[in-house]
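Reader: Could you take me through one part of this structure up close? I'm new to this, so please go step by step.

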Amino acid sequence: MNLKPTRSSPPAQEVSAGNLRELQDAGRAIMQNVETVIDGKHEAVQIALTVLLAEGHLLIEDVPGVGKTMLAKALARSVNCTVGRIQFTPDLLPSDVTGVSVFNQAERRFEFKPGPVFANIVIGDEINRASPKTQSALLESMEERQVTVDGTTYPLALPFTVIATQNPIEMEGTYALPEAQRDRFMARISMGYPDSDSELAMLDSRDTNSPLALISAVVSEETLRDMMLTARAVFASAAVKEYAVNLVRATRDDRDLRLGGSPRATLQLIRAAKAQAALSGRDYVLPDDIDSLAVAVLGHRLVPTSRALGHHHQDSGPVIDDIVRRILAETPVPVGVAASDRFPSKPFESAASPPAPSVHAVSTRPVGSTGAS
C-alpha cells in the first residue's frame, strides 16, 4: 500500500454545465445501484450520497436488522475505490484500526503494517460496541485525514470517508460515542423499518441470493474526485451562509439544549448543502437545502437538557429532532440573493435554474422555504 504523502485536493473551481450534468448522471447511477439492494429508503440513500460528495463522514443509527451495514456496503461497492471494513467489538484495540509497527527480523528494523483505516471508504460496523479508547482511534483520521503511530504520521489517500453504523445506546453491550467523535460525523441518519410493500419485495428478491453480491462499481475513483470538486465549487451566497450561522448559533442559546452546534457543524452544513444543490442540478445553494439537511447534520451533535428529555430517558433522538425543527421554524429565511453576490465572472445557469433576484429579502416561514424534512 502506498503510504507516501498525497497531494492536497486542488482548490475549488467554477461550476460548468458539463460538470453538473456529469455529477447528476453519476449520482443517479450510484443511487439506482444502491437502491437495488436497499428497498424503499430513497431519502436515506440520498443523504448518504450527499455526505459522500461533501467529503464528510456518515453515521447510520438504528436497531439491528434494518439494513445499516447493507447500505454502507452497497454505497462502497458502487464506487471503484479501496474499501476497509472494521467490525467493532469490546476486545478491539486501537492498533487493530490504525495499524501497528512490526519488527522485521531479516532487515532488523520495524515496519508499519497499515490497518483497515487506510482505505478510501472505511465501513465501521457497530462502532459503539467498542470501548471509548478504541473509538478514539478514528478521531485523527476523520478530522485530519492522517494517522500517527509510534511518532510517525502517515497521510491517508483522498477521498477518505468513514461510514459507521451503530445500535441505539439502550441496546445491550453498547458504549455511547463521545461528543468529540459524534461532531466529526457530517450527518446521522436512521433507516427505519420498511413499509409492507418493500418488505414483501425484499422476500422475493432475497429468496435465493443476496442482491449485494450482484452489484458492481458504476463510478470510478477519478470520477468521484471530480464530483467532489464540482460539489465544493457550488456557490453559497452571503445570505445563505448567514442563515446557516444563525441556525447553528440558535442551538447554542436554546433553552432546551445544554450543548449546541459547533463551528464545525456550520461548516459541514454548508458543505452538505452544496452537494445537495449539485445533485439537484443547481450551481448555487438555496435555504431549502439547509432546511432539508439541518436535522441530519445537527441532530447528533446536540445534547438536550434533562427537562427537555423528560420521559424519553436515553432515547433523545426524537426530542432533538423536534428541537431542530422548532429552531428552523423560528429562524428568519433569506428569500433573495443579489446578483452582485454571485461569482465575479458570469456563472453557469442551468435551464432549470431561476434567475437570481436583484434584491435581498428576509422573511419568516413559510415564505420561500419548505422547512425541515
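Author: Sure, let's start with helix 12. In this predicted model, 10 of the 12 residues of helix 12 are buried, so the rest of the structure largely encloses it. A residue counts as buried when its relative accessible area is under 20%. The buried ones in helix 12 are Pro287, Asp289, Ile290, Asp291, Leu293, Ala294, Val295, Ala296, Val297 and Leu298.

What lies over them? The cover on those buried residues includes helix 2, strand 10 (187-189), helix 10 (238-253), helix 11 (263-279), helix 14 (317-330) and strand 14 (333-334).

You can check the length of helix 12 too. It runs over residues 287-298, and at 1.5 Å a residue it should span 16 Å; its end C-alpha atoms sit 15 Å apart, which agrees.

Now follow helix 2, one of the elements in that cover. Helix 2 (residues 42-53) also packs with helix 1 (residues 17-34), at an angle of about 130° and with the axes 10 Å apart. That angle makes helix 1 oblique to helix 2, and their crossing is right-handed. Helix 1 brings Leu23, Gly27, Ile30, Met31 and Val34 to the contact, while helix 2 brings His42, Val45, Gln46, Leu49 and Leu53. Sort those residues by type and you get 7 nonpolar, 3 polar and no charged.

Past helix 2, Glu55 sits in the loop that leads to strand 1 (58-61). Glu55 is partly exposed, at a relative accessible area of 24%. Its C-alpha is 9.4 Å from that of Leu158, though the two residues are 103 apart in sequence.

Definitions and conventions
Residues are numbered from 1 along each chain as its sequence is written. This is a predicted model: local features need pLDDT of at least 70, side-chain atom pairs count only at pLDDT 80 or more; totals for chains, interfaces and linings use all residues. Side-chain values use heavy atoms; hydrogens and water are left out. Axes are lines fitted to C-alpha atoms, for helices over the stretch in contact, and angles run from 0 to 180 degrees between N-to-C directions. Helices (H or I, at least four residues) and strands (E, at least two) are DSSP runs, numbered from the N terminus. Angles under 35 degrees count as roughly parallel, over 145 as roughly antiparallel, 65 to 115 as roughly perpendicular and the rest as oblique. A crossing is left-handed if the near helix is turned anticlockwise from the far one by less than a right angle, and right-handed if clockwise. Contact means heavy atoms within 4.5 Å. Ala, Val, Leu, Ile, Met, Phe, Trp, Tyr, Cys and Pro count as nonpolar, Asp, Glu, Lys and Arg as charged, and the others, Gly among them, as polar. Buried means under 20% relative accessible area, exposed over 50%, partly exposed in between (1.4 Å probe, protein chains only). The expected span of a helix is 1.5 Å times one less than its number of residues.
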